[in-house]
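Keep your viewer open and your selection tool ready. We will go from the whole chain to single side chains, one stop at a time.

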Amino acid sequence: MNDKYTGMPDVKWFDIPGYEGRYQMRKDSLIRSLDRKIEMARDGKKHVVFRSGIILSASIGALNGKATIVRLSSNDGIKTWQISRLVALTFHGKKPLFYHISYKDGDRKNLSADNIYYKKNDFTPDEKYRMKKLLENIEKPLTKEFICSIYDINYKKLKEVVNDI
């Protein structure tokens, strides 16, 4: 039997976490919306509209011009996602702290589940030192003097850095 969305032989689709019943993804990163009924209000009256599922079109992200993105809607509104993040979330779970998405073959355009994985961040010695200082002083108030001492900068420089963010 062929898939009604692609016309290809059946391929397994997986629910996207947080969008169950709305969107699914294949291991090759293709995303589809599912058939669903949507309740809408117009002129104070409720209407039920049927939406047929479709294969979603991806686009190149406006932020950096590199990441492939897609927009998904839920009861909370519309959210723009990098497809690599959706692949990782769907097939590898929630991203652990201090990890980032990486690509086995180094190709950021290869968005298959088999190519994407979570890699532990490599911290520089300076970053490790700053984290250690923060943890050692976790009970102390976070003052501008303390922050300046960790980064070994004066307050004027700290303000310049923060204003550039």
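Start by colouring the chain by accessibility: 28% of the 165 residues in the protein chain count as buried. This is a predicted model, so keep that in mind along the way. Switch on the surface next, and you are looking at about 12,200 Å² of accessible area, with carbon and sulfur atoms contributing 53% of that area.

Now change to a cartoon view. You should find 4 helices and 10 strands in the protein chain. Follow the cartoon along the sequence and the pattern reads β-β-β-β-β-β-β-β-α-β-β-α-α-α. If you draw contacts with a separation of 6 or more, 31% of them join residues 24 or more positions apart.

**First stop: a sheet and its helix**

Select residues 14-15, 23-25 and 31-33. Strand S1 is residues 14-15 and strand S3 is residues 31-33, while strand S2 covers residues 23-25. Together these 3 strands form an open, antiparallel sheet in the order S1-S2-S3. S1 and S3 are the edge strands, each pairing on one side only. Between S2 and S3, the antiparallel pairing runs over 3 bridges. To see one partnership residue by residue, pick tyrosine 23 and look across to S3, where its bridge partner is serine 33.

Add residues 83-92 to the selection. This is helix H1, which packs on the sheet and touches S1, S2 and S3. Compare the direction of H1 with that of S2: the angle is about 85°.

**Second stop: the salt bridges**

How many salt bridges does a search of the whole structure find? There are 2. Side chains of opposite charge can pair when their charged atoms come close.

Show the side chains of arginine 26 and aspartate 28 for one of them, a salt bridge with an N to O distance of 2.4 Å. Is each of these residues buried or partly exposed? Arginine 26 counts as buried, at 6% relative accessibility, whereas aspartate 28 is partly exposed, with a relative accessible area of 40%.

For the other, select lysine 132 and glutamate 136, whose side chains meet at 4.0 Å, N to O. Display helix H2, residues 125-136, at the same time: lysine 132 and glutamate 136 lie 4 residues apart in H2, so about one helical turn separates them. Glutamate 136 is partly exposed, with a relative accessible area of 49%.

Definitions and conventions
Residues are numbered from 1 along each chain as its sequence is written. This is a predicted model: local features need pLDDT of at least 70, side-chain atom pairs count only at pLDDT 80 or more; totals for chains, interfaces and linings use all residues. Side-chain values use heavy atoms; hydrogens and water are left out. Helices (H or I, at least four residues) and strands (E, at least two) are DSSP runs, numbered from the N terminus. Buried means under 20% relative accessible area, exposed over 50%, partly exposed in between (1.4 Å probe, protein chains only). Contact means heavy atoms within 4.5 Å. Accessible areas come from the Shrake-Rupley method with a 1.4 Å probe; for residues, only the protein chains shown count as cover. Two strands pair if DSSP finds at least two bridges between them. Axes are lines fitted to C-alpha atoms, for helices over the stretch in contact, and angles run from 0 to 180 degrees between N-to-C directions.
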